[in-house]
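Here is a walk through one protein model, a few helices at a time. Keep the picture open while you read and find each part as it comes up.

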Amino acid sequence: TTKRKVVHNQYSRSYANHWSKVLLTMNWIWKDAIDGEISCPWIQFKEEKMSGVRHIEGVDYDDECYLLVRETSGLEPTKFLAHKSILSSKSSKLEAAIRFAEMSNKSKNEFERTEIVLDISIDMMKLFIQHCYHGSIILGLSPNKAICCQQLIDLFVLSQEYICPSLSSECEMRLLSNDPYRCICWSCCDELHLDYKEQTLQTRYNMKGPSKLLTAENLMNVIVQLEGLNELESCYNITVKSDTQDQCTCRPLEILLLITWISTIVNFTEVLKSDSYVSILHSTMHEYTEHESSEQLECFGDEVAALLLQTCNDAIFY
């Protein structure tokens with residue numbers, strides 16, 4: 001069982017509730033909900049009342065901005081209406097980008113909204129916005145486990161680029177969980193602690209394993225994409241509990257990579273048959289010419305498999 005503990009600065013229950021309601025004023029949420037199920041019971045309860053609302057009291061016009069996403073060269077960018085204060089509180093990079101855009105826009109009409117151009121896909125942008133406003137992804141993760149796993153890895157990399165540790169934590173927890181689609185917002189969390197003096201909200205989540213998303217087919221892809229990120233600063237911690245040992249606290253990606261290495265050994269035969277492993281094997285054999293004998297190529301394949309097994313052992317017992 002894994003536990004996530006995140007402190008949202010400047011949060012109170014009303015503050016979290018407020019931004020969740022603001023999220024529900026965005027048209028694309030309800031359009032996307034036609035093709036997919038919203039995972040948050042609180043939002044499901046609010047759906048009938050909120051689906052036609054376009055403004056929430058307390059939201060200042062001056063706080064509004066546009067996030068611009070251009071996926072195809074030559075086409076007009078897609079605009080997402082957003083709010084500078086919540087984006088800045090979640091992402092240090094966005095906070096800096098907003099300040100820069102405001103400085104650049106000083107000579108323009110004061111009634112024009114600030115525009116920030118981002119190098120993000122539309123799908124990733126929607127997941128990112130959901131997290132910023134609601135504290136949890138509620139819609140847009142693929143029901144296909146392999147695709148969902150890749151979405152979360154891509155989103156984790158994005159969260160590192162945009163310095164959003166709470167999103168990094170959510171992605172890792174979902175990759176570890178046997179229920180990766182559950183909502184983990186301020187309303188759905190297992191424990192909630194309010195510090196009225198400091199105006200902070202502390203939320204705790206219990207996530208149980210084994211992972212639904214880590215399979216023999218994608219273990220090698222997960223290792224290749226995340227291994228280079230394992231020296232991250234401890235912007236959040238994950239506490240691991242089991243029936244056989246005392247709990248321990250792990251740095252970002254530490255427990256995820258450990259479980260991935262262990263799963264690779266446990267499912268070693270299946271991993272060697274997976275497309276992801278075969279692809280890696282072929283890329284490492286690229287320097288071998290077509291003049292090599294089949295016996296030499298088979299021997300090379302055995303050496304790569306042995307090296308993978310040794311690497312797994314080294315990573316586990318390091």
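**A pair of packed helices**

Start with helix α7, residues 145-161, and helix α8, residues 165-176: these two pack at an angle of about 160 degrees, and their axes are 8 Å apart. That angle makes α7 roughly antiparallel to α8, since anything over 145 degrees counts that way. As for handedness, the crossing of α7 past α8 is left-handed. Bear in mind as you look around that this is a predicted model.

Now zoom in on where the two helices meet. On the α7 side you'll find C149, L152, I153, L155, F156, S159 and Q160, and these meet L167, S168, C171, R174 and L175 from α8. Sorted by character, the residues of this contact come out as 8 nonpolar, 3 polar and 1 charged.

Next, hop over to helix α9, which covers residues 219-226 and is home to Q225. Which residues far off in sequence does Q225 touch? Leaving aside residues up to four places away in sequence, Q225 touches Q150, I153 and D154. You've met I153 already, as one of the α7 residues that meet α8. The C-alpha atoms of Q225 and I153 are separated by 7.7 Å, although their positions lie 72 residues apart along the chain. Is Q225 buried or exposed? Neither, quite: its relative accessibility is 29%, so Q225 counts as partly exposed.

Further along sits helix α10, residues 254-266, where you can pick out I265. This residue is also partly exposed, because its relative accessible area is 28%, and buried would mean under 20%. Once residues up to four places away in sequence are set aside, I265 touches L309, C312, N313 and I316. You can also look at I265 together with L308: they are 43 residues apart along the chain, with 9.2 Å separating their C-alpha atoms.

Last stop: go back towards the start of the chain and look at helix α3, made of residues 41-50, where W42, I43, K46 and M50 are buried. These four cover an arc of only 75 degrees around the axis, so they lie on the same side of α3. What does the face turned away from that buried side carry? There you'll see F45 and E48, which are exposed. Try turning the model so that you look along α3, with W42, I43, K46 and M50 on its buried side and F45 and E48 on the face turned away from it.

Notes:
Residues are numbered from 1 along each chain as its sequence is written. This is a predicted model: local features need pLDDT of at least 70, side-chain atom pairs count only at pLDDT 80 or more; totals for chains, interfaces and linings use all residues. Side-chain values use heavy atoms; hydrogens and water are left out. Axes are lines fitted to C-alpha atoms, for helices over the stretch in contact, and angles run from 0 to 180 degrees between N-to-C directions. Angles under 35 degrees count as roughly parallel, over 145 as roughly antiparallel, 65 to 115 as roughly perpendicular and the rest as oblique. A crossing is left-handed if the near helix is turned anticlockwise from the far one by less than a right angle, and right-handed if clockwise. Contact means heavy atoms within 4.5 Å. Ala, Val, Leu, Ile, Met, Phe, Trp, Tyr, Cys and Pro count as nonpolar, Asp, Glu, Lys and Arg as charged, and the others, Gly among them, as polar. Buried means under 20% relative accessible area, exposed over 50%, partly exposed in between (1.4 Å probe, protein chains only). The arc is that of the directions from the helix axis to the C-beta atoms.
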